[in-house]
Structures are given as C-alpha cells and as structure tokens.
Amino acid sequence: MSIIVFGSINLDLVAKTPRLPVPGETIIGSNFLTTGGGKGANQAVAAARLGVSTHMIGRVGNDNFGEELLTNLQSFGLNTDNISIDQNSHSGVAIIAVDDGGQNNIIVIPGANNHLGDADIERLQKLLPGATSLLLQLEIPLEVVHRAALIACEAGVRVILDPAPARSDLPLELYPLIDTIAPNEVEASQLVGFAVHDTETAIKAAKKLQERGVKNAIVKLGDRGVVAVTADRTLFVPAFAVEAIDTVGAGDAFNGGLAAALDAGLSLEEAVVWGAAAGALCVTKMGAQVAMCDRATFDAFLDVSL
C-alpha cells in the first residue's frame, strides 16, 4: 500500500536573519539557501523518508526550478510519475525569512500549483485503489482539494487535510469528507472564528471542527504539544524537548509522520506521537525537506524519548 500526496511543490528561497524585519525595514541577513519546499512536497518527503511508499501528484513549471525540484524529490525516493510540467507557468516559489529563534515568515507565489485541475484529478483516481491515505493542503485551488477529497472518500481512502495556509472559507461540504484535519493554532483560529492559544481552546476548536463532520481533529500547538479529539477520546501529547533552529516544515513533518504511522496500522494516539516526533526532529535543522528525518534516526529518537 502507499500514501498519496496531492499538493504544492515549491522552491524555497531561505534567508537567515538575526530577527524578522518590521514593515519598511531593511536588515542584513547571515545566511541564504535554496531548497525544495511546498507543503505537499514536504509532506511527501517526510512520509517517504520514514520508509513509506509515497506518490506525489502536483505540477512544476517549465523552468530550471522545475527540473531541480523533480530531481530533488526523486533523490528522496518519491514516485514522481504523476508530477506534470506546466508549459505555461513558472514553478512555485516561497520566500522565507528565519530568525535566530527559529521563527519565520513566508511569502508563497504558487505558479504552476494554481493550475492543478482535471488531468491531475484523473491521475489521482488511478492511484487510489492502492492507497491507504490521501494527504491534502491548501496551497492549490480549493475546488481541486474538494474534488480530490470526494473521490478519495468514495474510494474508501483515508483523507488527511492540513488546512494551510490558514483560511476561513472552507466549504461546509468538505468537512464530512475528512478523516483527520490537522491545523496549527493560527489555522484553527481562522477555521473556528475564535482565538486558539492553549490546550483548553485547542480542545474547544477541535470539537467544533468535529461538529462540522470531521472524524478526528488535531490541533498542533508548537512546543506546547498536540491536542487530538476523536469520536470517543480527547488526547494531549506533549511536545518533545529539542533545540529549535528552524520551524519551517515542522507541521509538514508532523503530517508525514502521522500518515506513516496510520499506514503501518498504528492507532491515532500512536500516530500523533509519531507526528510530534517527526516535527520535533525537523526543527533541529535548517530547511524543510532536507530536515526531514530518515527512519533509523526517527526510531532511535523514539527509543530514547518515550
């Protein structure tokens, strides 16, 4: 069986700075790197690095960035047969600033990601019979996300949605198609219409998302842990103690770890622990995909941390 990730593929342009600039300010950075990114591609790499057969469906542009992105994904063992080259667009790009405390701000220019449509849905339909989970995010057109969730649900494939970038206009018809939704606190706040800032408000938000039809709702609280609400349980998993260098990609690492655990037949509670561990290891390195841990490192970390 395999995991399918249907989503964005970007090239990340990352600037390391002592602090994040305020509007109108120019500051001197300390380092710069280019690396593969995009929430979809990040989650696919995270799952593949944990040893799960992973297929990526997406688009890159007809440019040098597109060639670089495809080569990069293949180097992680991903199946890229269903990534198409869009002849009429540039590849997606993310411009990222990261401060010395590991916090970041990000500007995403979607490019080819905005052109996902009918042909990509057809590719997904052909892959679904051999899949355990479909991972979706919101860096591609919302109507395409909705259609992908619908056909996966009809095929009996688990749907995991990372509702990022944050938005408040998800159609109510989408929620019942989702097995597990996994926002962070900012995204959860946008979805439910009130501030999510601690465990109590995270549980309240998760229950509100369940009321809309989601089976399982997870709210990621960064270094404060993770809340998960199922049909019959409310769980809190504390964060693993690590030294954060760069938080870019941590949420994507979480989703890759979560999906890998579910693919292995583990319980949701165990899957949340896997997600938290994958996210914790990701923040100890610069970058997104290059920071996703391999299975040996992951297993060793769990062995000493649990």
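Buried means under 20% relative accessible area, exposed over 50%, and partly exposed in between, using a 1.4 Å probe and protein chains only. Keep that scale at hand for this tour.

The model is predicted, so local features need pLDDT of at least 70 and side-chain atom pairs count only at pLDDT 80 or more, while totals for chains, interfaces and linings use all residues. Residues are numbered from 1 along each chain as its sequence is written, and side-chain values use heavy atoms, with hydrogens and water left out.

**Stop 1: Gly61 and Asp86**

Select Gly61 to begin. This glycine is found in strand S4 (residues 54-61); helices (H or I, at least four residues) and strands (E, at least two) are DSSP runs, numbered from the N terminus. With a relative accessible area of 3%, Gly61 is buried. Now add Ile85: the two C-alpha atoms are 5.5 Å apart in space, although Gly61 and Ile85 are 24 residues apart in sequence. Not counting residues up to four places away in sequence, Gly61 touches Gly66, Ile85, Asp86, Ser89, His90, Ser91 and Ala112. Touching, or contact, means heavy atoms within 4.5 Å.

From that list, pick Asp86, which has its place in strand S5 (residues 83-86). Asp86 is buried too, at a relative accessible area of 6%. Show its polar contacts (pairs of N or O atoms within 3.5 Å; within protein, one must be able to donate a hydrogen and the other to accept it, and residues adjacent in sequence count only if both atoms are side-chain atoms). One such contact, of 2.9 Å, joins the side chains of Asp86 and His115. The side chain of Asp86 also reaches the backbone nitrogen of Asn88, at 2.9 Å. Leaving out residues up to four places away in sequence, Asp86 touches Arg59, Val60, Gly61, Asn62, Ala112 and His115.

**Stop 2: Thr17 in its loop**

Next, move to Thr17, in the loop between strand S2 (10-16) and strand S3 (31-37). Is Thr17 buried or exposed? Thr17 is buried, with a relative accessible area of 7%. Its side chain reaches the backbone oxygen of Arg19 at 2.7 Å. Beyond residues up to four places away in sequence, Thr17 touches Ile27, Gly29, Ser30, Val98, Asp99 and Asp100.

**Stop 3: Pairs of helices**

Colour helix H1 (residues 39-49) and helix H7 (residues 250-263): they pack at an angle of about 45°, with their axes 8 Å apart. Axes here are lines fitted to C-alpha atoms, for helices over the stretch in contact, and angles run from 0 to 180 degrees between N-to-C directions. H1 and H7 are therefore oblique to each other; angles under 35 degrees count as roughly parallel, over 145 as roughly antiparallel, 65 to 115 as roughly perpendicular and the rest as oblique. The contact is made by Lys39, Asn42, Gln43, Ala46 and Ala47 of H1 and Asp252, Ala253, Asn255 and Gly256 of H7.

Then bring up helix H3 (residues 118-127) and helix H4 (residues 142-154), whose axes come within 10 Å and cross at roughly 20°. H3 and H4 are therefore roughly parallel to each other. Look for Asp118, Ile121, Leu124 and Gln125 of H3, which make the contact with Val144, Arg147, Ala148 and Ile151 of H4.

**Stop 4: The loop between S9 and S10**

Find Pro165, in the loop between strand S9 (158-161) and strand S10 (180-181). The peptide bond from Ala164 to Pro165 is cis, with omega near 0°.

Leu177 also lies in the loop between S9 and S10, and at 11% relative accessibility it counts as buried. Apart from neighbours within four places in sequence, Leu177 is in contact with His146, Ala149, Leu150, Cys153 and Val159.

**Stop 5: The nonpolar cores**

Finish with the largest nonpolar core (a set of buried Ala, Val, Leu, Ile, Met, Phe, Trp, Tyr and Cys residues joined through side-chain atoms within 4.5 Å). Which of its 53 residues touch the most other members? They are Ile9, Ile218, Phe240, Leu258, Val272 and Phe298. Helix H8 (residues 268-282) gives the most to this core, with eleven residues. Another core, of 43 residues, lies apart from it, and includes Leu116, Leu127, Leu142 and Ile151.

For a last selection, try Phe240: not counting residues up to four places away in sequence, Phe240 touches Val273, Ala276, Ala277, Ala280, Phe301, Leu302, Ser305 and Leu306.
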